[in-house]
Amino acid sequence: MSSYSDDWSTRHSVLTTARRTAALINALADDCPDPAEIAGVLRAYGETDPIDLSHRDVAAMRTAAALLRHVFAAEHADDAADALNRLLKNHTGPLRLTSHGGSTPWHPHLDHDDDAPWDEWLLASSCMALTVLVWDRQRPPGRICASTSCQNVFITQGSGPERRYCSRRCATRERVAAHRHARSAAPSNETKSGT
(Lines give C-alpha, C1' and ligand atoms only; values in the text may rest on other atoms or scores of the structure.)
Protein backbone atom coordinates (compact mmCIF):
# COMPACT_ATOMS: atom_id res chain seq x y z
CA MET A 1 0.00 0.00 0.00
CA SER A 2 2.93 2.34 0.67
CA SER A 3 4.10 2.71 -2.96
CA TYR A 4 0.49 3.03 -4.17
CA SER A 5 -0.11 5.63 -1.48
CA ASP A 6 3.11 7.51 -2.34
CA ASP A 7 2.26 7.53 -6.07
CA TRP A 8 -1.32 8.63 -5.37
CA SER A 9 -0.12 11.37 -2.99
CA THR A 10 2.31 12.71 -5.59
CA ARG A 11 -0.37 12.77 -8.30
CA HIS A 12 -2.81 14.53 -5.96
CA SER A 13 -0.51 16.80 -3.95
CA VAL A 14 -1.60 20.35 -3.18
CA LEU A 15 0.79 21.78 -5.79
CA THR A 16 -0.26 19.26 -8.46
CA THR A 17 -3.92 20.00 -7.73
CA ALA A 18 -3.25 23.75 -7.97
CA ARG A 19 -1.42 23.26 -11.27
CA ARG A 20 -4.32 21.14 -12.53
CA THR A 21 -6.65 23.98 -11.55
CA ALA A 22 -4.62 26.45 -13.64
CA ALA A 23 -4.47 24.05 -16.60
CA LEU A 24 -8.23 23.50 -16.47
CA ILE A 25 -8.98 27.23 -16.19
CA ASN A 26 -6.85 27.80 -19.28
CA ALA A 27 -8.35 24.89 -21.23
CA LEU A 28 -11.89 25.89 -20.27
CA ALA A 29 -11.33 29.51 -21.40
CA ASP A 30 -12.09 28.52 -25.01
CA ASP A 31 -15.60 29.32 -26.20
CA CYS A 32 -16.46 25.68 -26.88
CA PRO A 33 -13.91 23.43 -25.20
CA ASP A 34 -13.87 19.85 -26.42
CA PRO A 35 -14.82 17.37 -23.66
CA ALA A 36 -12.08 15.01 -24.89
CA GLU A 37 -9.45 17.74 -24.44
CA ILE A 38 -10.69 18.54 -20.94
CA ALA A 39 -10.60 14.83 -20.10
CA GLY A 40 -7.01 14.80 -21.39
CA VAL A 41 -6.06 17.59 -18.98
CA LEU A 42 -7.65 15.65 -16.13
CA ARG A 43 -5.71 12.51 -17.07
CA ALA A 44 -2.47 14.49 -17.37
CA TYR A 45 -2.92 15.57 -13.75
CA GLY A 46 -3.61 12.13 -12.31
CA GLU A 47 -7.33 11.50 -12.71
CA THR A 48 -8.08 7.97 -13.78
CA ASP A 49 -10.54 6.58 -16.28
CA PRO A 50 -13.35 6.42 -16.86
CA ILE A 51 -13.63 10.16 -17.43
CA ASP A 52 -16.87 10.63 -19.30
CA LEU A 53 -17.50 14.34 -19.80
CA SER A 54 -20.51 15.65 -21.65
CA HIS A 55 -20.80 19.08 -23.24
CA ARG A 56 -23.09 19.98 -20.32
CA ASP A 57 -20.40 18.90 -17.82
CA VAL A 58 -17.82 21.05 -19.62
CA ALA A 59 -20.17 24.06 -19.73
CA ALA A 60 -20.69 23.80 -15.96
CA MET A 61 -16.92 23.41 -15.46
CA ARG A 62 -16.40 26.60 -17.54
CA THR A 63 -18.60 28.47 -15.05
CA ALA A 64 -16.57 27.05 -12.16
CA ALA A 65 -13.30 28.00 -13.91
CA ALA A 66 -14.52 31.59 -14.39
CA LEU A 67 -15.18 31.80 -10.64
CA LEU A 68 -11.73 30.40 -9.83
CA ARG A 69 -10.07 32.92 -12.16
CA HIS A 70 -10.86 35.63 -9.56
CA VAL A 71 -8.38 33.99 -7.17
CA PHE A 72 -5.66 34.27 -9.82
CA ALA A 73 -6.54 37.93 -10.44
CA ALA A 74 -5.89 38.79 -6.78
CA GLU A 75 -3.01 41.22 -6.25
CA HIS A 76 -2.55 40.52 -2.53
CA ALA A 77 -3.07 37.63 -0.11
CA ASP A 78 -6.05 39.46 1.41
CA ASP A 79 -7.77 39.64 -1.99
CA ALA A 80 -7.06 35.96 -2.72
CA ALA A 81 -8.38 35.00 0.73
CA ASP A 82 -11.55 37.06 0.18
CA ALA A 83 -12.15 35.40 -3.20
CA LEU A 84 -11.55 31.94 -1.75
CA ASN A 85 -13.76 32.62 1.27
CA ARG A 86 -16.63 33.59 -1.04
CA LEU A 87 -16.16 30.42 -3.09
CA LEU A 88 -15.91 28.24 0.00
CA LYS A 89 -19.05 29.77 1.49
CA ASN A 90 -21.15 29.63 -1.67
CA HIS A 91 -19.95 26.57 -3.55
CA THR A 92 -18.48 23.89 -1.30
CA GLY A 93 -19.68 21.47 1.32
CA PRO A 94 -18.20 20.79 4.74
CA LEU A 95 -14.69 19.37 4.97
CA ARG A 96 -14.73 15.59 5.07
CA LEU A 97 -12.36 12.67 4.58
CA THR A 98 -12.98 10.04 1.92
CA SER A 99 -11.24 6.96 0.54
CA HIS A 100 -13.78 6.58 -2.28
CA GLY A 101 -14.96 3.30 -0.81
CA GLY A 102 -11.42 2.08 -0.10
CA SER A 103 -10.11 2.63 -3.65
CA THR A 104 -7.75 5.49 -2.64
CA PRO A 105 -5.86 6.59 0.46
CA TRP A 106 -7.86 8.82 2.83
CA HIS A 107 -7.86 12.43 1.70
CA PRO A 108 -9.92 15.60 2.28
CA HIS A 109 -12.84 16.68 0.08
CA LEU A 110 -15.02 19.76 0.12
CA ASP A 111 -17.60 18.61 -2.43
CA HIS A 112 -20.89 17.31 -1.08
CA ASP A 113 -20.27 13.63 -1.87
CA ASP A 114 -17.99 11.31 -3.81
CA ASP A 115 -20.31 11.41 -6.80
CA ALA A 116 -20.56 15.19 -7.02
CA PRO A 117 -20.81 16.67 -10.53
CA TRP A 118 -17.58 17.69 -12.26
CA ASP A 119 -18.10 21.44 -11.72
CA GLU A 120 -18.65 21.02 -7.97
CA TRP A 121 -15.61 18.74 -7.75
CA LEU A 122 -13.49 21.27 -9.69
CA LEU A 123 -14.49 24.14 -7.43
CA ALA A 124 -14.11 22.15 -4.21
CA SER A 125 -10.75 20.51 -4.97
CA SER A 126 -9.35 23.74 -6.43
CA CYS A 127 -10.48 25.82 -3.45
CA MET A 128 -8.84 23.30 -1.12
CA ALA A 129 -5.48 23.45 -2.90
CA LEU A 130 -5.47 27.22 -3.46
CA THR A 131 -6.47 27.82 0.17
CA VAL A 132 -3.54 25.75 1.40
CA LEU A 133 -1.16 27.69 -0.88
CA VAL A 134 -2.40 31.06 0.44
CA TRP A 135 -2.07 29.73 3.99
CA ASP A 136 1.41 28.33 3.36
CA ARG A 137 2.89 31.26 1.42
CA GLN A 138 0.79 34.21 2.62
CA ARG A 139 0.48 35.50 -0.94
CA PRO A 140 -1.81 34.84 -3.90
CA PRO A 141 -1.34 31.30 -5.19
CA GLY A 142 -1.08 32.37 -8.81
CA ARG A 143 -1.39 35.10 -11.38
CA ILE A 144 -2.85 35.95 -14.75
CA CYS A 145 -0.09 36.26 -17.36
CA ALA A 146 1.10 39.87 -17.77
CA SER A 147 1.46 39.45 -21.54
CA THR A 148 -1.10 41.60 -23.33
CA SER A 149 -1.80 38.78 -25.80
CA CYS A 150 -2.29 36.06 -23.17
CA GLN A 151 -4.86 35.55 -20.43
CA ASN A 152 -3.55 32.23 -19.11
CA VAL A 153 -3.35 31.71 -15.37
CA PHE A 154 -0.41 30.03 -13.66
CA ILE A 155 0.73 28.97 -10.20
CA THR A 156 3.50 31.06 -8.69
CA GLN A 157 6.23 29.08 -6.97
CA GLY A 158 9.36 29.40 -4.93
CA SER A 159 10.76 32.13 -2.79
CA GLY A 160 12.41 34.17 -5.56
CA PRO A 161 10.93 37.16 -7.33
CA GLU A 162 7.31 36.71 -8.31
CA ARG A 163 6.75 35.55 -11.89
CA ARG A 164 4.78 37.85 -14.19
CA TYR A 165 4.36 35.56 -17.19
CA CYS A 166 2.86 32.10 -17.60
CA SER A 167 5.77 30.90 -19.75
CA ARG A 168 9.17 31.84 -21.12
CA ARG A 169 7.50 32.21 -24.49
CA CYS A 170 5.22 34.99 -23.23
CA ALA A 171 8.10 36.67 -21.35
CA THR A 172 10.29 36.58 -24.47
CA ARG A 173 7.49 37.89 -26.70
CA GLU A 174 6.95 40.86 -24.34
CA ARG A 175 10.70 41.56 -24.09
CA VAL A 176 11.05 41.52 -27.88
CA ALA A 177 8.01 43.80 -28.28
CA ALA A 178 9.40 46.24 -25.70
CA HIS A 179 12.80 46.21 -27.43
CA ARG A 180 11.23 46.85 -30.86
CA HIS A 181 9.10 49.64 -29.43
CA ALA A 182 12.16 51.26 -27.83
CA ARG A 183 14.14 50.97 -31.09
CA SER A 184 11.33 52.44 -33.18
CA ALA A 185 10.92 55.32 -30.72
CA ALA A 186 14.65 56.13 -30.60
CA PRO A 187 15.10 57.42 -34.20
CA SER A 188 12.05 59.67 -33.98
CA ASN A 189 13.43 61.19 -30.78
CA GLU A 190 16.84 61.80 -32.41
CA THR A 191 15.16 63.40 -35.44
CA LYS A 192 13.16 65.72 -33.24
CA SER A 193 16.16 66.71 -31.13
CA GLY A 194 18.36 67.24 -34.22
CA THR A 195 16.05 69.77 -35.84
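Select Arg-96 and Asp-111 and show their side chains: in this predicted model the two meet in a salt bridge, with 2.8 Å from N to O. The pair joins distant parts of the chain, 15 residues apart. Arg-96 sits in strand β1, residues 96–98, while Asp-111 belongs to the loop between β2 (107–109) and α6 (118–137).

Turn on a surface and look at how each partner is covered. Asp-111 is buried, because its relative accessibility is 3% and the cut-off for buried is under 20%. Arg-96 has a relative accessible area of 22% and is therefore partly exposed.

Keep Arg-96 selected and add Asp-114. These two also form a salt bridge, and their closest N and O atoms are 3.0 Å apart. Asp-114 lies in the loop between β2 and α6 and Arg-96 in strand β1, so this pair ties together parts that are 18 residues apart in sequence. Asp-114 counts as partly exposed, at 32% relative accessibility. With Arg-96, Asp-111 and Asp-114 all displayed, you have a network of salt bridges on screen.

How many salt bridges does a search of the whole structure find? The count is 4. For another of them, select Arg-43 and Asp-49, whose side chains meet with 2.8 Å from N to O. Arg-43 is partly exposed, at 36% relative accessibility.

Next, select helix α3, residues 35–44. Which of its residues are buried? Colour Pro-35, Ile-38, Ala-39, Val-41 and Leu-42, which are the buried ones. Look down the helix axis: these residues cover an arc of only 155 degrees around it, so they fall on the same side of α3. The spacing follows a general rule: an α-helix has 3.6 residues a turn, so residues three or four places apart point the same way.

Now give a second colour to Ala-36, Glu-37 and Ala-44. These are exposed and occupy the other side of α3.

To see what lies over the buried residues of α3, bring in the neighbouring elements. The cover includes α2 (14–27), α4 (55–72) and α6. The last of these, α6, also bounds the loop that holds Asp-111, so it is a convenient way back to the starting point of the tour.

Finish just beyond the end of α3 by selecting Gly-46. Its backbone takes a positive phi of about 100 degrees.

Conventions:
Residues numbered from 1 in each chain as written. Predicted model: local features only at pLDDT ≥ 70, side-chain atom pairs only at ≥ 80, totals over all residues. Heavy atoms only, no water. Buried < 20%, exposed > 50% of the residue type's maximum accessible area, 1.4 Å probe, protein only. Helix = DSSP H or I, 4+ residues; strand = E, 2+ residues; numbered from the N terminus. Arc of directions from axis to C-beta. Contact = heavy atoms within 4.5 Å.
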